[in-house]
Amino acid sequence: MWNAIREFIDRHDSFVVTSHINPDGDAIGSEMGLAHFLRSLGKQVLVMNSTETPEVLRFLDPEDEVHVYGEPGSRELLDAVDAVFIVDVNNWEHIGNIGRTLQARKLPRACIDHHQESMSGFADCTVSDTSAAATGVLILELIRDYRVPMTLPIAEALFAAIITDTGTFRFSNTDARALHAAADLCDAGCNAFEMYRKVFGSKTWGAGRMLGPVLSTLESAAGGRLAWISATIEMVNNAGATHDDMDGFADLVRSIKGVELVIFFKEMSEGEIKVSLRSNGNVDAHAIAKHFGGGGHIMASGMRVEGPLQHAIDLVTRECLRLPLFSSR
């Protein structure tokens, strides 16, 4: 499974590691875990994304080494690398601005990912395993293949990746493979309780102020099987919050008895709405997102649609209500 990736690592001395826009815990954790590992092999590593690291995940980057493409000097930093590692994403559109530059430079590329429908020709060598609960599980399995000691920074980064995409082992993708991975990382010194507190137990005051206004927008259809919430720019500004502060809000609605699919509409600008889909398993969230040019997983996916907000709500909910689960009964 890892032969091609190992050969790719052997052939190159310096790498840029990147992931998708608006990186989550699996993206940042996988990037940092891989970066620490590559450095342990004597490689030079640059970590760079198109958008900033969420505040809650900055503890994984204590040296502030994750660069944002477009900041002063970022293009020059890319000149020093001779290969690319892409993690937790499998298409250029979801990488953002740095992706367009990497495409133009035609550097050798490797991809490690667990999302569906990998883009043909996306990388020179790819490990894509949709059965993996998180990309962090795959990075751990790569490190195991080398039979080298696991360091605490790697363990914490990969544990953050796994608890993010399994919802602290609550989601249906939690399997023995993910639990064995977590156990290995705890054996390496990772404190599960402290990691939970850092990733999920460090909400901001902005998040607290946003919770009421967002939940007050809750609407439903199809006998409560379809539910949606929304957030406007005005709501975010009034709360002194950020869009990252609303992570996890959709999961609160998903926990309501009888809900099969939750849609969270976030107004990013007058003409752009970010849409998050969270399923309880009987609806393919990825298929819905793909219809609108997005992607992800069966249980959790996302996309962006044109505004204004009410137009986006009407457009997406109308499409969802065509699904058999919502159009019957």
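On the surface of this predicted model, Leu211, Leu215 and Leu252 form a nonpolar patch with about 210 Å² of accessible area together. Patches consist of residues with over 30% relative accessible area and no salt bridge, nonpolar side chains (Val, Leu, Ile, Met, Phe, Trp, Tyr) being joined within 5 Å and like charges within 9 Å; a salt bridge is a side-chain nitrogen of Lys or Arg within 4 Å of a carboxyl oxygen of Asp or Glu. Accessible areas come from the Shrake-Rupley method with a 1.4 Å probe, and for residues only the protein chains shown count as cover. Leu211 is found in helix α9 (residues 205–215); helices (H or I, at least four residues) and strands (E, at least two) are DSSP runs numbered from the N terminus. Leu211 counts as partly exposed because its relative accessibility is 30%, where buried means under 20%, exposed over 50% and partly exposed in between (1.4 Å probe, protein chains only).

Residues are numbered from 1 along each chain as its sequence is written. Local features need pLDDT of at least 70 and side-chain atom pairs count only at pLDDT 80 or more, while totals for chains, interfaces and linings use all residues; side-chain values use heavy atoms, without hydrogens and water.

The largest nonpolar core (buried Ala, Val, Leu, Ile, Met, Phe, Trp, Tyr and Cys residues joined through side-chain atoms within 4.5 Å) has 47 residues. Helix α6 (residues 152–165) gives the most to this core, with eight residues. Apart from this core lies another, of 24 residues, including Leu226 and Phe326. Ile112 is among the residues with the most contacts inside the largest core. Beyond four places in sequence, Ile112 is in contact (heavy atoms within 4.5 Å) with residues including Trp2, Phe85 and Leu142.

Two polar residues are also buried. Ser30, in helix α2 (residues 25–40), counts as buried because its relative accessibility is 0%. The side chain of Ser30 reaches the backbone nitrogen of Gly136 at 3.2 Å. Thr18 lies in strand β1 (residues 14–18) and is buried, with a relative accessible area of 0%. The side chain of Thr18 reaches the backbone oxygen of Met48 at 2.6 Å.

Leu309 has its place in helix α13 (residues 309–320) and counts as buried, at 13% relative accessibility. Not counting residues up to four places away in sequence, Leu309 touches Ser230, Thr232, Phe265 and Ile273. Leu309 and Asp175 are 134 residues apart in sequence and 37 Å apart in space, C-alpha to C-alpha.

Definitions and conventions. A polar contact is a pair of N or O atoms within 3.5 Å; within protein, one must be able to donate a hydrogen and the other to accept it, and residues adjacent in sequence count only if both atoms are side-chain atoms.
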